Amino acid sequence: MTFNILTLGCKVNTYESNYIEQLLIFKGYQKVNNLPDIVIINTCSVTSSSDSKSRQLINRVHRENPKAILVVLGCYSQKESAYLQTFNYLNIISGTAN
């Protein structure tokens, strides 16, 4: 199974994304850039602009790869989890508390 991780925001998000990447590779997943089976989006919510970028990225990924398993993590998913649950194509939504 293949995956890709897209990261918005701070150094903490970058660190977390790198850690998740290493875990997935250790478990036998392969990282690819084009049409992965799983896309993990690590979001940011520091400003309204970063909220908008997070929403746009989520929508773009779904539009470009509608069959992918979509996982949304990070600050934006923590702050807007109820809203994101209305996106019926998101498979996993997990905020920073998890």
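# Asking why: contacts, bridges and rings

Me: Leaving aside neighbours within four places in sequence, what is S17 in contact with?

Reply: S17 is in contact with I5, T7 and N42. Contact here takes heavy atoms within 4.5 Å. Please keep in mind that this is a predicted model.

Me: What makes the S17 and N42 pair a polar contact?

Reply: The two side chains come to 3.1 Å, and the limit for such a pair of N or O atoms is 3.5 Å. The distance is therefore inside the cut-off.

Me: And why is S17 called buried?

Reply: The relative accessible area of S17 is 4%. Buried means under 20%, so S17 qualifies. This serine sits in helix 1.

Me: Y19 has its place in helix 1 as well. Why does Y19 count as partly exposed?

Reply: Its relative accessibility is 49%. Exposed needs over 50% and buried under 20%, so Y19 falls in between. Helix 1 covers residues 11–26.

Me: Which residues form a nonpolar patch with Y19?

Reply: Y15 and L23 join Y19 in this surface patch, and the three together have about 360 Å² of accessible area.

Me: Let's turn to charges. How do you know that E21 and K31 form a salt bridge?

Reply: Their side chains meet at 3.0 Å, N to O. The limit is 4 Å, so the pair passes. This bridge links distant parts of the chain, with E21 in helix 1 and K31 in strand 2 (residues 30–31), 10 residues apart.

Me: What makes E21 buried and K31 partly exposed?

Reply: E21 has 15% relative accessibility, which is under the 20% limit, so E21 counts as buried. K31 has 36%, which lies between 20% and 50%, so K31 is partly exposed.

Me: How many salt bridges does a search of the whole structure find?

Reply: The search finds 3. One of them joins D51 and K79, with the closest N and O atoms 2.7 Å apart. D51 belongs to helix 2 (residues 48–64) and K79 to helix 3 (residues 75–79), 28 residues apart. D51 is buried at 7%, whereas K79 is partly exposed at 48%.

Me: Why do E64 and R60 count as a salt bridge?

Reply: The closest N and O atoms of E64 and R60 are 3.5 Å apart, and the cut-off is 4 Å. The pair therefore meets the rule. Both residues lie in helix 2, 4 residues apart, about one turn of the helix.

Me: Why is E64 called exposed?

Reply: E64 reaches 51% relative accessibility, and exposed means over 50%, so the label fits. R60 is partly exposed, at 35%.

Me: Now the rings. What makes the pair of Y83 and F87 edge-to-face?

Reply: The structure holds 2 aromatic pairs. In this one the centres are 5.0 Å apart and the planes make an angle of 80 degrees. Pairing needs centres within 6.5 Å, and edge-to-face needs over 60 degrees, so both conditions are met.

Me: Why is the pair of F87 and Y89 called tilted?

Reply: The ring centres of F87 and Y89 are 5.7 Å apart, with the planes at 55 degrees. That angle is neither under 30 nor over 60 degrees, so the pair is tilted. Ring pairs thus link Y83, F87 and Y89 into a cluster.

Me: Which label, buried or partly exposed, goes to each ring residue?

Reply: F87 is buried at 10%, and Y89 counts as buried at 19%. Y83 is partly exposed at 37%.

Key: Residues numbered from 1 in each chain as written. Predicted model: local features only at pLDDT ≥ 70, side-chain atom pairs only at ≥ 80, totals over all residues. Heavy atoms only, no water. Patch = residues over 30% accessible without salt bridge, like charges linked within 9 Å, V, L, I, M, F, W, Y side chains within 5 Å. Areas by Shrake-Rupley, 256 points an atom, 1.4 Å probe, with all protein chains shown as cover. Helix = DSSP H or I, 4+ residues; strand = E, 2+ residues; numbered from the N terminus. Buried < 20%, exposed > 50% of the residue type's maximum accessible area, 1.4 Å probe, protein only. Phe/Tyr/Trp six-rings, centres within 6.5 Å; stacked < 30°, edge-to-face > 60°. Polar contact = N/O pair within 3.5 Å; in protein donor to acceptor, adjacent residues only side chain to side chain.
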